[in-house]
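I opened my notebook to record what I could look up about the pockets, the core and the strands of this structure. I meant to go slowly and to write down what I found in whole sentences.

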Amino acid sequence: MPELSESVDIEAPPERVWTALTDWVRQGEWILATDVRPVIGPARGVGGRLVAVTGVPLPGGRRLGVVDTMEITRWEPPTRVDVLHTGRVVRGPGTFEIRPRGEHSTFVWSERLELPLGSVGRLGWPLVEPVVRAGYRSSLRRFADFARAHAG
């Protein structure tokens, strides 16, 4: 399973970064081309479920794209949340970690991906990996701004 891990320093305390991170319905403001929502309830603990759709916007506020279902498997405010991606295309464990850095924070986003399409997916991964990493880095830069300004 390929692993992606990217990080960004954020000029905000861990508690504010955590609040911004777990503001699930606003993740679309910083994750590129993605809308996220809890499935049932607020998804604020182990067993909470989320669904994300990444793709092109359609009229009416919907998206045409990949559906990513997730279950929260670890919940440690304000430092860590783990999810298990359970969709048809996006599968595998992911971690959001907030590391205190004095009055500020470092945010680390890691994913271990079960590639779709078997051997075709494994062969194609080296071609799409740079694009995926660029998307993560762009999203992390956007998250740093989002978290810094988040009202909590």
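**Pockets**

I began with the lining of the largest pocket, which by class has 25 nonpolar, 11 polar and 4 charged residues. I noted that I am working with a predicted model. For the volume of the largest pocket I wrote down about 960 Å³.

Which residues lie nearest the centre of the largest pocket? Of the 40 residues that line this pocket, I found that Thr54, Asp68, Val90, Val132 and Tyr136 lie nearest its centre. I then looked up the elements that give two or more residues to this lining, and they are strand 2 (34-38), strand 3 (49-57), strand 4 (63-76), strand 5 (80-86), strand 6 (91-101), strand 7 (104-112) and helix 2 (118-149). Helix 2 supplies the largest share, 10 residues.

I turned next to the second largest pocket, which holds about 200 Å³ of space. Its lining consists of Asp35, Val36, Arg37, Val51, Val53, Gly61, Arg62, Arg63, Gly65 and Val67, and strand 2, strand 3 and strand 4 are the elements that each give two or more of these residues. Sorted by class, this lining has 4 nonpolar, 2 polar and 4 charged residues.

**Core**

I kept in mind that in soluble globular proteins nonpolar side chains tend to be buried together. Here the largest nonpolar core has 32 residues, and those that touch the most other members are Ile10, Leu21, Trp24, Val81, Phe107, Trp109 and Phe143. Among the elements that give two or more residues to this core are strand 1 (3-10) and helix 1 (14-21), while helix 2 gives the most, with 7 residues.

I took Ile10 as one case to follow further, and, leaving aside residues up to four places away in sequence, I found that it touches Val17, Arg101, His104, Ser105, Phe107, Phe143, Ala144, Ala147 and Arg148.

**Strands**

How many bridges pair strand 3 with strand 4? I found 9 bridges, in the antiparallel sense, and in this pairing Val53 has Val67 in strand 4 as its bridge partner. I had already met Val53 and Val67 in the lining of the second largest pocket. Strand 3 and strand 4 form a hairpin with 5 residues between them, and Gly60 in the turn has a positive phi of about 90 degrees.

Strand 4 also pairs with strand 5, again in the antiparallel sense, over 6 bridges. Here the bridge partner of Glu76 is Arg80 in strand 5, and the hairpin that strand 4 and strand 5 form has 3 residues between the strands.

Terms used
Residues numbered from 1 in each chain as written. Predicted model: local features only at pLDDT ≥ 70, side-chain atom pairs only at ≥ 80, totals over all residues. Heavy atoms only, no water. 1 Å grid on protein atoms, 1.4 Å probe; cavity = no way out; pocket = protein on both sides within 12 Å on 5 of 7 lines; lining within 4 Å. Points joined across faces, edges and corners; volume = space filled by probe spheres on them. Helix = DSSP H or I, 4+ residues; strand = E, 2+ residues; numbered from the N terminus. Nonpolar A, V, L, I, M, F, W, Y, C, P; charged D, E, K, R; others polar. Core = buried A, V, L, I, M, F, W, Y, C linked by side-chain atoms within 4.5 Å. Buried < 20%, exposed > 50% of the residue type's maximum accessible area, 1.4 Å probe, protein only. Contact = heavy atoms within 4.5 Å. Pairing = 2+ DSSP bridges.
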